[in-house]
Amino acid sequence: MAPVTIVILPIGILFILSGLIVNIIQAIFFLLLRPISKNCYRRVNKLLTESLWLQLIWLIDWWAGIKIELHTDSETFQLMGKENALVICNHRSDIDWLIGWVLAQRSGCLGSTVAIMKKEIKFLPVLGWSMWFAEYIFLERNWKKDETSLKSNFKHLEHMPLPFWLALFVEGTRFTQTKLLQAQEFAASKGLPIPRNVLIPRTKGFVTAVNNLRTFVPAIYDCTYAVPKSEASPTLLRIFKGISSSVKVQIKRQKMVELPETDDGIAQWCKDAFVAKDALLEKYNTTEIFSDQELQQIHRPKISVLVVVCWLCLLGFLLYEFFQLTSLLSSWVGILFTVLFLLLVTVIMEIFIHSSQSERSKSMVLPTQDPLKQNLLHQ
Ligand SMILES: CCCCCCCCCCCCCCCC(=O)SCCNC(=O)CCNC(=O)[C@H](O)C(C)(C)COP(=O)(O)OP(=O)(O)OC[C@H]1O[C@@H](n2cnc3c(N)ncnc32)[C@H](O)[C@@H]1OP(=O)(O)O
Ligand SMILES: CCCCCCCCCCCCCCCC(=O)OC[C@@H](O)COP(=O)(O)O
């Protein structure tokens with residue numbers, strides 16, 4: 001495994017420079033095209049967004065070679081990417097959202113996913129800005145502040161020109177042992193089933209989503225994400241190191257028309273879904289059987305490799321011209337600027353790695369080869 005800095009720097013230069021180019025073009029279309037035609041803007045922005053986010057798909061598929069096992073019935077598999085869907089999932093690992101992006105890319109709707117997320121993410125350079133242009137919904141995670149913005153954002157989704165996925169991690173935070181203990185105490189105090197592998201869902205956002213989307217979103221994709229016990233949970237740092245792993249996802253399609261009509265009924269459906277998720281994960285922990293749904297073959301397309309190669313050629317040419325034109329490396333000041341730029345890229349990549357880590361992986365020491373220790377780390 002190469003020392004991670006040697007890997008992170010070139011990947012960072014590729015992602016950040018290409019991302020800045022994409023962000024500038026997105027801003028131009030946002031200012032000039034969106035006021036004329038929102039749907040034209042969205043179609044163009046989908047392509048721009050995918051030209052950047054396919055680099056992350058390349059990172060997962062080809063650089064780290066993460067294997068994704070998708071369990072769902074063939075009808076759902078056929079419908080994925082062809083219909084609007086509200087995607088809910090347990091929030092288990094640092095990169096489960098990236099696995100969701102891979103599934104969206106396989107379904108042809110990577111550039112038209114929208115997610116509900118904590119507001120801090122929109123400030124992330126390049127990645128957060130591209131999510132903002134893609135009309136991602138950013139939350140304070142406080143109902144009093146979020147209710148109005150959620151309802152208005154849901155309204156904007158009504159006339160999307162292409163099928164979209166709206167991702168909602170209903171637990172509202174990533175699973176850690178500390179949060180599990182809090183959720184268990186809370187459940188005990190309310191007489192709810194005690195969770196073992198998930199947290200208690202925060203249902204106001206989900207209820208509001210169902211109420212505002214059910215006329216134009218026909219399905220809920222109830223996703224369950226799991227990592228085999230024998231493997232450490234994948235993290236961004238491990239992915240940069242090219243460490244492969246495998247993850248499992250089950251998708252159960254729930255017809256929106258079959259959901260209850262009342263707020264309490266919708267909230268209860270969500271709680272029941274998470275009780276079922278907890279039982280599925282508990283069964284997987286004890287019997288190694290993850291899902292009774294069919295295993296679908298989702299091959300890794302080469303489009304992301306093509307996109308990365310195109311960006312490398314374009315950036316290589318632009319950087320060559322830039323250094324030729326400015327002869328930056330022939331003066332000490334120029335060399336200083338170049339070093340400062342490389343430092344800036346390294347800092348931004350550190351910010352990415354840090355913001356992708358939940359408490360659990362921040363405290364995690366780098367896993368040894370010893371499977372027993374890896375098992376402990378996986379907790
Ligand atoms: C694999 C496929 C994936 C597909 C993917 C595709 C694309 C993927 C791209 C995504 C790119 C990045 C993904 C980033 C994702 C994030 O950033 S996740 C973090 C941000 N997201 C969220 O928070 C969404 C979930 N939260 C909600 O919807 C919340 O309802 C709101 C809207 C934030 C409001 O939260 P709130 O103010 O806490 O209100 P509420 O919902 O009522 O929650 C409080 C209730 O929770 C309950 N509760 C539950 N547990 C507890 C507890 N431990 N203690 C106390 N109360 C508790 C109580 O009943 C409480 O009610 P009260 O007793 O206070 O009345
Ligand atoms: C060639 C490609 C190079 C790509 C390098 C850039 C990678 C960017 C990764 C940035 C990760 C930031 C997104 C984190 C999403 C996330 O998972 O947020 C956490 C929230 O859910 C819940 O937060 P919390 O309450 O702290 O659990």
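These are my notebook entries on the ligands, the empty spaces and the annotated stretches of this predicted model.

**Ground rules**

I'm working with a predicted model, where local features need pLDDT of at least 70, side-chain atom pairs count only at pLDDT 80 or more, and totals for chains, interfaces and linings use all residues. Residues are numbered from 1 along each chain as its sequence is written, chains are lettered from A and ligands numbered from 1 in the order in which they are written, and side-chain values use heavy atoms, with hydrogens and water left out.

**Entry: ligand 2**

I looked up which residues come nearest to ligand 2. There are 20 residues around ligand 2, and His91, Lys118, Arg141, Thr173 and Arg174 come nearest. "Around" here means that a heavy atom of the residue lies within 4 Å of the molecule.

Then I checked polar contacts, which are pairs of N or O atoms within 3.5 Å (within protein, one must be able to donate a hydrogen and the other to accept it, and residues adjacent in sequence count only if both atoms are side-chain atoms). The side chain of His91 has an N or O atom 2.5 Å from an oxygen of ligand 2. For Arg141, a polar side-chain atom sits 2.8 Å from a ligand 2 oxygen. Lys179 also joins in, with a side-chain N or O atom 3.5 Å from an oxygen of ligand 2.

How much of ligand 2 does the protein bury? On its own the ligand exposes 730 Å², and the protein buries 94% of that. Accessible areas come from the Shrake-Rupley method with a 1.4 Å probe; for residues, only the protein chains shown count as cover.

Next I noted which elements give two or more residues to this shell: H1 (4–32), H2 (38–63), H9 (236–240) and H12 (332–356), each of them a helix. H12 gives the most, with four residues. Helices (H or I, at least four residues) and strands (E, at least two) are DSSP runs, numbered from the N terminus.

I sorted the ligand 2 shell by class and got eleven nonpolar, five polar and four charged residues. In this scheme Ala, Val, Leu, Ile, Met, Phe, Trp, Tyr, Cys and Pro are nonpolar, Asp, Glu, Lys and Arg are charged, and the others, Gly among them, are polar.

**Entry: ligand 1**

Ligand 1 has 28 residues around it, and Met117, Lys118, Trp143, Lys204 and Gly205 come nearest. So Lys118 turns up here and in my ligand 2 list.

Backbone N or O atoms of two residues reach oxygens of ligand 1: Lys118 at 3.0 Å and Trp143 at 2.8 Å. With Lys204 the side chain makes the contact, at 2.4 Å from a ligand 1 oxygen. Of the 1400 Å² of accessible area that ligand 1 has on its own, the protein covers 81%.

Several elements supply at least two residues of this shell, including S2 (85–89), H4 (96–106) and H8 (203–213). S3 gives the most, with four residues. By class I wrote down 17 nonpolar, six polar and five charged residues.

**Entry: empty space**

Rolling a probe the size of a water molecule over the atoms shows where empty space is left. On a 1 Å grid over the protein atoms alone, a cavity is a set of points where a 1.4 Å probe fits but cannot get out, a pocket is an open set with protein on both sides within 12 Å along at least five of seven lines, and lining residues have an atom within 4 Å of a point. Points are joined across faces, edges and corners, and a volume is the space filled by probe spheres set on them.

I found two cavities of 30 Å³ or more. The largest holds about 120 Å³. Its lining has 15 residues, with Arg42, Lys46, Gly111, Ser112 and Met160 nearest the centre. H2 gives the most to that lining, with five residues.

The second largest pocket holds about 280 Å³. It is lined by 17 residues, and Asp222, Gln250, Lys252, Ala276 and Leu280 lie nearest its centre. H10 provides the largest share of this lining, seven residues.

**Entry: UniProt record**

The unreviewed UniProt entry puts "domain: Phospholipid/glycerol acyltransferase" on residues 85–207. Positions follow the numbering used here, feature names are shortened, and annotations may be inferred rather than shown by experiment. Over 85–207 the chain is 41% helix and 15% strand.

The unreviewed entry also lists "transmembrane region" at 6–33, 303–323 and 329–353. Residues 6–33 are 96% helix, with end C-alpha atoms 40 Å apart. Residues 303–323 are 100% helix, and their end C-alpha atoms lie 30 Å apart.
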